[in-house]
Amino acid sequence: MEHRWDKVLFTGGARVGRIIMTKAAKYLTPVALELGSKCPCIVDWLDSKRDSQVAVNRIIGAKWSTCAGQACIAIDYILVEEQFAPILIELLKSTLERLFTKPEDMARILNERQFNRLCGLLEDHKVSRSIVHGGDVDPKTLSIEPTILLNPPLDSDVMTEEIFGPLLPIITVKKIEDSIEFVSSRPKPLAIYAFTTSEALKQRIVRETSSGSVTFNDAIVQYGLESIPFGGVGQSGFGQYHGKYSFEMFSHKKAVFRRSFLLEFMFRYPPWNDDSKLALLRHVFRYDYVSLFLALLGLRR
């Protein structure tokens, strides 16, 4: 970052993102940042048992199968109605036990520093009391088993910092529509996920929330599509890439304008002490080219 660049793309956390932006300011280098965030997952009541199981499979795949949650687009926490929460938790537990039969079935934590950070999130006694599944850690192998928390304090670190690990808080709401206000009251996420068959709820989520992307009835798969742009908004970053969007982001659209010497409009030059000149200028600045053309012909519209 001590050198001049035409454009900088950084993927990582907000702390380093601020350093990148600060150093880029020295040469006024344009920057694109993809910073991750607390990506919420809204889970609506699903009448079909099969749909519920498919939703749970995909939630587990997006949280624990992908680098043990160590991904910027991993599900960070779930929002669900109070009445559906016990059913969802039991489904998650039974499916986790079926999919992860051995500790080595899941990725380890990246390094000791990240392992200690995640363990620190669980050491808060108010948070540890909210554990309904998992919680075991192994410092020797840097492993943390899939851990589900039910309604941890909203002001705790686990609910204010990006988790980036195998811990999954579940927050209950009275009605699923309340989840929209919950998400909107927090920093804009990189992605919002929602499992629902309600078209009305889908429309409200798209219309009333702000995020880098919205995915319905699946999670993290949007990252693999080159046909849609990938990027954040607000605190989750800015700038979009993937596929043609990467080409556009690293390209400068240079405008080229050409004129001949054939026509010359003297009303564009001073002095402007002539009312007819001012009238012509007004037509130009109002983009009223019909009136301009008529005025040049000596006609009035």
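Biologist: By class, how many residues in the lining of the second largest pocket are nonpolar?

Modeller: This is a predicted model, where local features need pLDDT of at least 70, side-chain atom pairs 80 or more, and totals for chains, interfaces and linings use all residues. Residues count from 1 along each chain as written, and side-chain values use heavy atoms, without hydrogens or water. The lining has 5 charged residues (Asp, Glu, Lys, Arg), 4 polar ones (the others, Gly included), and its nonpolar ones (Ala, Val, Leu, Ile, Met, Phe, Trp, Tyr, Cys, Pro) number 8.

Biologist: And how many nonpolar residues line the largest pocket?

Modeller: A pocket is an open set of points on a 1 Å grid that fit a 1.4 Å probe, with protein on both sides within 12 Å along at least five of seven lines; lining residues have an atom within 4 Å of a point. For the largest pocket, 10 lining residues are charged and 13 polar. The nonpolar count is 17.

Biologist: Which residues are the closest to the centre of the largest pocket?

Modeller: Its lining has 40 residues in total. The closest to the centre are Gly12, Gly13, Ala14, Leu35 and Glu162.

Biologist: Which element gives the largest share of that lining?

Modeller: Helices (H or I, at least four residues) and strands (E, at least two) are DSSP runs numbered from the N terminus. Among the elements giving two or more residues are β2 (31-34), α4 (112-123) and α6 (157-160). The largest share, 6 residues, comes from α1.

Biologist: Where does the largest pocket lie?

Modeller: Domain bounds come from an automatic or database assignment. Both domains give residues to the lining, so the largest pocket lies between domain 1 (1-35 + 228-257) and domain 2 (37-224).
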